[in-house]
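Me: Here is a model to go through. Let us take the helices and then the sheets.

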Amino acid sequence: MKEERGEECYNQAMVKRHKRSASQGVEMEICINSDDMETEEGGGESEEDENGFNLFHYLAQPSAFVVCDALEPDFPIIYVNSVFESATGYRAEEVLGRNCRFLQFRDPRAQRRHPLVDPTAVSEIRQCVENGAEFQGELLNFRKDGTPVLNRLRVIPIYDGSMVTHFIGIQVFSETDLDLSSLSYPVFRKENPEILPRKMDIKIPICNYHEGGLLERDADNSRILQLSDEVLAHNILSRLTPRDVASIGSVCTRMRQITKNEHLRRVVCQNAWGRDMTVRLEPSTRQLGWGRLARELTTLEAATWKKFTVGGRVEPSRCNFSACAVGNRLVLFGGEGVDMQPMDDTFVLNLDVASPEWHRVKVASAPPGRWGHTISSLNGSWLVVFGGCGRNGPLNDAFVLDLDAQQPSWQELATSSEGGTGTRPLPRSWHSSCTIDNGSKLVVSGGCTDTGALLNDTFLLDLTKERPMWREICTSWAPPSRLGHTLSVYDNNKIMMFGGLAKSGSLSLRSCDAYMMDLEEIEPRWRQLGFNGFEGAGPPPRLDHVAVSLPCGRILVFGGSIAGLHSPVQLFLLNPVEDKPAWQLLNVPGPAPKFAWGHSTCVVGGTRILVLGGHTGEEWILNELHELCLASRPDEDG
């Protein structure tokens, strides 16, 4: 019966369609041949519309087709092809005569769309349908069995003169890794959604602590609590910061139960700190949980210094090396040996083992020896080295290494310059560098040339291209030329420069200034950060220090060469995203490093800051490491 009804709807629509066309002398027909269109490759050249959309992109892969009657109430479906049936699990007779919105319901018995379906996309579709306009975008849908799928959708209106008679939906379904099984909230609640106001008018009642039942007596003033747990969690709480979510959890018992959910807390942390950082923090949550980890990383209440000794030896002895972290491994390259001998060897310290030891990496080829260079971690197990001072003076070459390769080998990058103009970084040492955009681009700033001249330029090397390309970031104003400074990354593509030996007139002086740049801007520019607080509350001027980016977007500055009587082991914390950033002196218990000059610092797993090296006045220490633990370790407590 359903199949006959569907066929009848389709035939009626076609009859109306041809009658309207004939009355205007226009012969129009909707041709749907599922055998031809589902796998059509496109015989000629691909044609793009004015928005750059290529229809054959859809037709080049199995596409679901849906036709809706625009002249009937609620736009019922009058045709679906076999790809739609196999992709959604619904047979044609189950959907003919229905509106397409049922794909937004996780359960066929549901009365409203799933909360994770983007309401903005749904609203855009509704507006396009009402205005007879075309829609193109992505939407979360559900198969008949409740499995979530991503629907890349294009809705095309079919006009007969000035009247829209049908809508054609072209759908490409793909799997999504959205994990709905970890949710503990009730998906559907019994409240009548019609009693909810369209615009929330939330009033805070005056508390009378001598009378109970505040929420019961003032239910009309707490309409936000009439929302389902799932809507509260995913449409409201997930958009807040970890600190705000923790505060809301203290409002009432219900909010506390909602905010205790581990899946919600993970989503909150991922929205605040990014997917890559969340993945790095995952191992720490197995014992702490996301709630406690977020609190400790936000407040730094559990921060403590620890000291431990590792085995192996980095020989020959050296200084002015460079190190970075790759996962839970520390990698050290190069350095200055006896009689200013540039070193070219690579060492690795694996912190995953019970007794870490330094091991020399056997590489097939190595870059020329150097010191005063930088080494940065890229995606996965890749590293990049740039510049430094070699046997014949400063360098401006770049080498990469895959640490997990069967036979690791340093490879020189055949770099080019943007537009082929020959604009490449000058050879330099004592510069600073960092990686942005999830480790896909290298940023290099400042340093000094072979004549001792200080530099204030900034270059970006795009490592995603087959032939990496240098681009100078030209700005109308730049911070004074300097060396021995730091570049730190926050919010994925913003960088902060701090300290160094900066040019001031005819002199070069230690600096405590900070500057930031947003590299996502069309025309990036340097801005000097103005600080809030009392004079002298921030770090004293310094160079050869380290600056570490924390998961919460804050910057930690430590050590360096400092004039006067200031202690080099003090920790200073800054949140650069604040309107008026203020330096905070962080007092951390435990055995702090005594020698904090000529050292290097690496962040491991997002919660461990490893300090290696340091000058005692007689030797450079590489077997005694200090660790700044940002989060608790229950397995080591007690």
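Reply: Helices (H or I, at least four residues) and strands (E, at least two) are DSSP runs, numbered from the N terminus. The model is predicted: local features need pLDDT of at least 70, side-chain atom pairs count only at pLDDT 80 or more, and totals for chains, interfaces and linings use all residues. Residues are numbered from 1 along each chain as its sequence is written, and side-chain values use heavy atoms, with hydrogens and water left out.

Me: Which residue just after helix 13 takes a positive phi?
Reply: Helix 13 covers residues 285–299. Just past its end, phi is positive, about 55°. The residue is Leu 300.

Me: Where does helix 13 bend?
Reply: A straight helix of 15 residues would span 21 Å at 1.5 Å a residue (1.5 Å times one less than the number of residues). Helix 13 spans only 17 Å between its end C-alpha atoms. It bends by about 70° (the angle between axes fitted to the seven residues ending at a residue and the seven starting there). The bend is at Gly 291.

Me: At what angle do the axes of helix 11 and helix 13 cross?
Reply: Axes are lines fitted to C-alpha atoms, for helices over the stretch in contact, and angles run from 0 to 180 degrees between N-to-C directions. Contact means heavy atoms within 4.5 Å. The axes of helix 11 (262–273) and helix 13 come within 8 Å. They cross at roughly 35°.

Me: Which helices do the buried residues of helix 13 pack against?
Reply: Buried means under 20% relative accessible area (1.4 Å probe, protein chains only). In helix 13, the buried residues include Trp 290, Gly 291 and Leu 297. The buried residues pack against helix 9 (242–248), helix 11 and helix 12 (275–281).

Me: In what order do the five strands of the open sheet lie?
Reply: Two strands pair if DSSP finds at least two bridges between them. The pairing in this sheet is antiparallel. Strand 2 (77–80) and strand 3 (135–142) are the edges, each pairing on one side only. The order is 2-1-5-4-3.

Me: How many bridges join strand 8 to strand 9?
Reply: Strand 8 (329–336) is mostly covered, with seven of its eight residues buried. Strand 8 and strand 9 (342–350) run antiparallel. Leu 330 stands opposite Leu 349 in strand 9. The bridges number seven.

Me: Which residue in the turn between strand 7 and strand 8 has a positive phi?
Reply: Five bridges join strand 7 (322–326) to strand 8. The two form a hairpin with two residues between them. Phi is about 65° at Gly 327.

Terms used:
Buried means under 20% relative accessible area, exposed over 50%, partly exposed in between (1.4 Å probe, protein chains only).
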